[in-house]
Amino acid sequence: MTETGGSSGPEGTETPKPQADAPTPPQGERSSSPAPEQQWQSPSGATPPPPPPPPSYQPQAAQPNWKVGLGRPGVIPLRPLNLTDILDGAITAMRRYWRMVFGAAAVTAVLTAAINLVGLLLIDTGADLERVRDLGPAATDQELMNQMLSILGGTLASSFITLVATLLGTTVLTGFLTVLMGKAVLGKPVTFKEAMKEATPRLLPLLGLTVLYTLAIMVAAIFCLLPAIIPFTFWALASPAFILERGTVMEAFRRSVKLVSGMFWRVFGILLLANVISSFLASIITLPFSFSAFMSIFGNLDQVYIPSTGDLILQSVGTVVAQTIVGPFTALVTVILYIDQRMRREGMDIELARAAGITPPPPPQAW
């Protein structure tokens, strides 16, 4: 036995005494590095799952690229488009399907120019211009008035023939290019025969739609220029809606108004820019074919320019060349603008992606 009352150890040894002077941590304090067995555990004893990684560590492949949206299977990306996308899509379609685009444009341009040329030769306003030139300074006011009314009547008649020919050519070309663009957006192959077969049953009603659209613009323009842009813009998308949605003429007009509403000035600005570009390029192309009329500006101002038959034929050739090159641009821009408005308002980009065989990414989950 030891002095403390504990049992003694083996002979020659003593049991180690507890160190009474060792400091004891105050109550309420904990060690800075607890033992493993003192770490926190769930009441069930299971190890808690690791926290999910922050969103920034998710794979980049799962995030869609905003530049292409849901992909670009055809000539435009499947997302809401800007002005550059729309113009580039029209030019890309003209390059990729150049045989069908320029072939259809050439056929319609030749038919339009032929009808217009026949009308000009039949009406022959040149004879009226010659009579005005032969009157001379001694002509009375009544004689000048009669000749001017005769020229005005012939001009209106020739303008009416030109308008009819233009409406026919525009209808055929618009119907064909709308079907073509519907395939080009998906990147699907299409032949000239397939596109014409799909567009032909809709051409006659489309002609009626085009006539109503043109008359609305003309009637509005007679009264004031500002009201003319209202039917021009609100009904601009009726033709592609009629071809691609296969509704009635009145349904196509209503669909166009619905798609344009709320974005009137954007649609008007894009259409105006497309028409300005087309008109500018067409004037440059036709200028060499109208050389005689152009040089008459610098000639004797007292002489009335009277185009000959050769001048009319040469001008018709220039019109054919210009319409073949420039004509499809405005029609393709209109179709792409229609598709863009549907992608913005109705989520058509998702439908197009599925039709092209692209699986849209799942929607983001809420936290």
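**Entry 1: a word to settle before looking**

Partly exposed means a relative accessible area between the two limits, where buried is under 20% and exposed is over 50%. I tried this on T155 straight away: T155 has 34% relative accessibility, so T155 counts as partly exposed. I found T155 in helix α4, which covers residues 141-184. I also looked up a distance from here: the C-alpha atoms of T155 and L120 are separated by 9.1 Å. Along the chain, these two residues are 35 residues apart.

**Entry 2: how far to trust the model**

I am noting early that this is a predicted model. The pLDDT averages 78 over the chain, and 67% of the residues score at least 70. Where does the pLDDT stay under 50? I found it under 50 over residues 56-64. For that stretch the model has two contacts beyond four places in sequence. Residues 1-22 also have a pLDDT below 50. I looked up the contacts of residues 1-22 beyond near neighbours in sequence, and the model has seven.

**Entry 3: the whole chain**

How many helices and strands does the chain have? I found 12 helices and zero strands. Reading from the N terminus, I wrote down α-α-α-α-α-α-α-α-α-α-α-α for the elements. The chain has 367 residues, and 33% of them count as buried. I then turned to contacts between residues at least 6 apart in sequence. Of these, 72% join residues at least 24 apart.

**Entry 4: α2 against α11**

I picked helix α2 (residues 98-123) and helix α11 (residues 309-346) and looked up how they pack. Their angle is about 150°, and their axes are 8 Å apart. That makes α2 roughly antiparallel to α11, because angles over 145 degrees count as roughly antiparallel. The crossing of α2 past α11 is right-handed.

Next I listed who touches whom. From α2 the contact takes in V101, F102, A105, A106, A109, V110, A113, L117, L120 and L121. From α11 it takes in T309, L312, I313, S316, V320, Q323, T324, I325 and P328. What classes of residue make up the contact of α2 with α11? I noted 15 nonpolar residues, four polar ones and no charged ones. L120 is a name I had already met, as the partner in the distance from T155.

**Entry 5: α1 against α2**

I moved on to α1 and α2, which pack at an angle of about 95° with their axes 5 Å apart. α1 and α2 are therefore roughly perpendicular to each other. The range for that word runs from 65 to 115 degrees. On the α1 side I found A93, M94, R95 and R96, which meet W98, V101 and F102 in α2. By class, this contact of α1 with α2 divides into five nonpolar, no polar and two charged residues. V101 and F102 also appear in my list for α2 with α11.

**Entry 6: α1 against α9**

Helix α1 (residues 83-96) also packs with helix α9 (residues 264-286). The angle here is about 40°, and the axes are 12 Å apart. α1 and α9 are therefore oblique to each other. α1 passes α9 in a right-handed crossing. L83, I86 and L87 of α1 make the contact with R266, I270 and L273 of α9. I looked up the classes here too: five residues are nonpolar, none is polar and one is charged.

While in α9, I stopped at S283, which has its place in this helix. S283 has a relative accessible area of 38%, so S283 is partly exposed. The C-alpha atoms of S283 and A322 are separated by 8.0 Å, with their positions 39 residues apart along the chain.

**Entry 7: α7 and the loop after it**

Is S239 buried or exposed? S239 counts as buried because its relative accessibility is 14%, and the limit for buried is under 20%. S239 sits in helix α7, residues 238-245. Neighbours within four places in sequence aside, S239 is in contact with T174, L206 and L209.

I ended on R246, in the loop between α7 and α8 (249-260). What is the phi of R246 near? I found phi near 60°, a positive value in a residue other than glycine. R246 counts as partly exposed, because its relative accessibility is 47%.

How values were computed: Residues are numbered from 1 along each chain as its sequence is written. This is a predicted model: local features need pLDDT of at least 70, side-chain atom pairs count only at pLDDT 80 or more; totals for chains, interfaces and linings use all residues. Side-chain values use heavy atoms; hydrogens and water are left out. Axes are lines fitted to C-alpha atoms, for helices over the stretch in contact, and angles run from 0 to 180 degrees between N-to-C directions. Helices (H or I, at least four residues) and strands (E, at least two) are DSSP runs, numbered from the N terminus. Angles under 35 degrees count as roughly parallel, over 145 as roughly antiparallel, 65 to 115 as roughly perpendicular and the rest as oblique. A crossing is left-handed if the near helix is turned anticlockwise from the far one by less than a right angle, and right-handed if clockwise. Contact means heavy atoms within 4.5 Å. Ala, Val, Leu, Ile, Met, Phe, Trp, Tyr, Cys and Pro count as nonpolar, Asp, Glu, Lys and Arg as charged, and the others, Gly among them, as polar. pLDDT is the predictor's confidence in each residue, from 0 to 100. Buried means under 20% relative accessible area, exposed over 50%, partly exposed in between (1.4 Å probe, protein chains only).
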